[in-house]
Amino acid sequence: MKKIAVITGASSGMGRSFAQKLDRAESFDEIWLIARRLDRLEELGKSLRAPVKAIPLDLTRPESYTEYRDLLEAEKPQVEVLVCGAGFGRFGAFTAMPLEPQLEMVDLNVKALVAVTYDTLPYMTKGGRIYEIDSLSSFQPVPYINVYGATKAFVLSFTRALNVELVERGIRAMAVSPGWVKTEFFDRAVTDDTIVYYNRYYEADEVVDRALRDMKKGKDVSVCGFPVRAQVLFTKLLPHRLVMRIWCKQQKKPF
């Protein structure tokens, strides 16, 4: 049986970093790279040791789930690692942005992640690992990143509960919840000056390195960087109304 890794959102950012680091650290019969941009996937594939299957799918389309499911059924691989890295955000007030891209956020960040995870699990066995790419935004309500933060809160809750459900099968699931990361995420997220305060950036490789270590430690959530972990702690201790007030003050918004 072919042993593979599956990575969505593999064309850039943390998905790309996961592909490179998993390829260097482990041996796979094949790595499946999923994203919309085939040229990016093929370019990445040339730099990896393992054979690559480049799969151009737009996971905002429900029919893409069927295409992925059919591919799994046809090849019946053993999936050792799944990385759900596809996702995007948009910064702005809820009513000031068009509805369509906000619904697309829900489709990609939530529905696609759930669908890909669900369809992959029948092909995973003991020792399998699932990395669900989450966000620091998952730990608190975030005005002006409202829908994005809500989708990531779903991912955090879903992943932690799933990790418990999979204990008997010996499969691990972990939410990767970084703060600001230097990726192409901002090319789509930032359309105006709604968000003006960014306290610290991390590199995608830093986040992925931390995630790989935290998976080995048995954690169900990975947070890169002491300042970000401290922020997570404070959001747990302080009333969320106060946390939102602080956030709005940082972004020069009324509360």
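How do the residues of the lining of the largest cavity divide into nonpolar, polar and charged? The model is predicted, and this cavity is a convenient place to begin. Its lining has seven nonpolar residues, one polar residue and no charged ones. The residues concerned are Thr8, Leu59, Cys84, Ala86, Leu108, Ala112, Leu113 and Val116. Helix α4, which covers residues 99-120, gives the most to this lining, with four residues. The space inside the largest cavity is about 30 Å³, and the structure holds one cavity of 30 Å³ or more.

The sheet comes next. As a general point, the strands of a sheet pair through backbone hydrogen bonds, and the pairing is either parallel or antiparallel. Here seven strands form an open sheet, and the pairing is parallel. Read across the sheet, the order of the strands is β3-β2-β1-β4-β5-β6-β9. The edges are taken by β3 (52-56) and β9 (221-222); each has a single partner strand, so one side of each is left without a neighbour in the sheet. At the β9 edge, the partner is strand β6, residues 172-176, and the two strands pair in the parallel sense over two bridges. Within this part of the sheet, valine 176 stands opposite serine 222 of β9.

Serine 222 also leads to an open site, since Ser222 is among the residues that line the second largest pocket. This pocket has a volume of about 180 Å³. Its lining also includes Phe139, Arg160, Arg210, Asp214, Lys219, Val221 and Val223. Arg229, Val232, Leu233 and Lys236 are in the lining as well. Three elements, α7 (204-216), β9 and α8 (226-237), each supply at least two of the lining residues. The largest share, four residues, comes from α8. By type, the lining of this pocket divides into five nonpolar residues, one polar residue and six charged residues. For the largest cavity, the count of charged residues was none.

The aromatic rings can be followed in the same way. The structure holds three aromatic pairs. In one of them, the rings of phenylalanine 91 and tryptophan 180 have their centres 6.0 Å apart and their planes at 70°; planes over 60 degrees apart count as edge-to-face, so this pair is edge-to-face. The pair links distant parts of the chain, as its two residues are 89 residues apart. Phenylalanine 91 lies in the loop between β4 (78-84) and α4, while tryptophan 180 belongs to strand β7, residues 180-182. Are these two residues buried or exposed? Buried means under 20% relative accessible area. Phenylalanine 91 counts as buried because its relative accessibility is 3%, and tryptophan 180 counts as buried because its value is 16%.

Another pair is made by phenylalanine 154 and phenylalanine 158. Their ring centres are 5.8 Å apart and their planes are at 10°, so the pair is stacked. Both residues lie in helix α5 (residues 146-165), four residues apart, which is about one turn of the helix. Phenylalanine 154, at 34% relative accessibility, counts as partly exposed. Phenylalanine 158 is partly exposed too, with a relative accessible area of 22%.

One further contact involves a ring and a charge. The charged end of lysine 253 sits over the ring of tyrosine 144, at 5.5 Å from the centre of that ring.

Key
Residues are numbered from 1 along each chain as its sequence is written. This is a predicted model: local features need pLDDT of at least 70, side-chain atom pairs count only at pLDDT 80 or more; totals for chains, interfaces and linings use all residues. Side-chain values use heavy atoms; hydrogens and water are left out. On a 1 Å grid over the protein atoms alone, a cavity is a set of points where a 1.4 Å probe fits but cannot get out, and a pocket is an open set with protein on both sides within 12 Å along at least five of seven lines; lining residues have an atom within 4 Å of a point. Grid points are joined across faces, edges and corners, and a volume is the space filled by probe spheres set on the points. Ala, Val, Leu, Ile, Met, Phe, Trp, Tyr, Cys and Pro count as nonpolar, Asp, Glu, Lys and Arg as charged, and the others, Gly among them, as polar. Rings of Phe, Tyr and Trp (its six-membered ring) pair if their centres lie within 6.5 Å; planes under 30 degrees apart count as stacked, over 60 as edge-to-face and the rest as tilted. Buried means under 20% relative accessible area, exposed over 50%, partly exposed in between (1.4 Å probe, protein chains only). A charge sits over a ring if NZ of Lys or CZ of Arg is within 6 Å of the ring centre and within 35 degrees of the ring normal. Two strands pair if DSSP finds at least two bridges between them.
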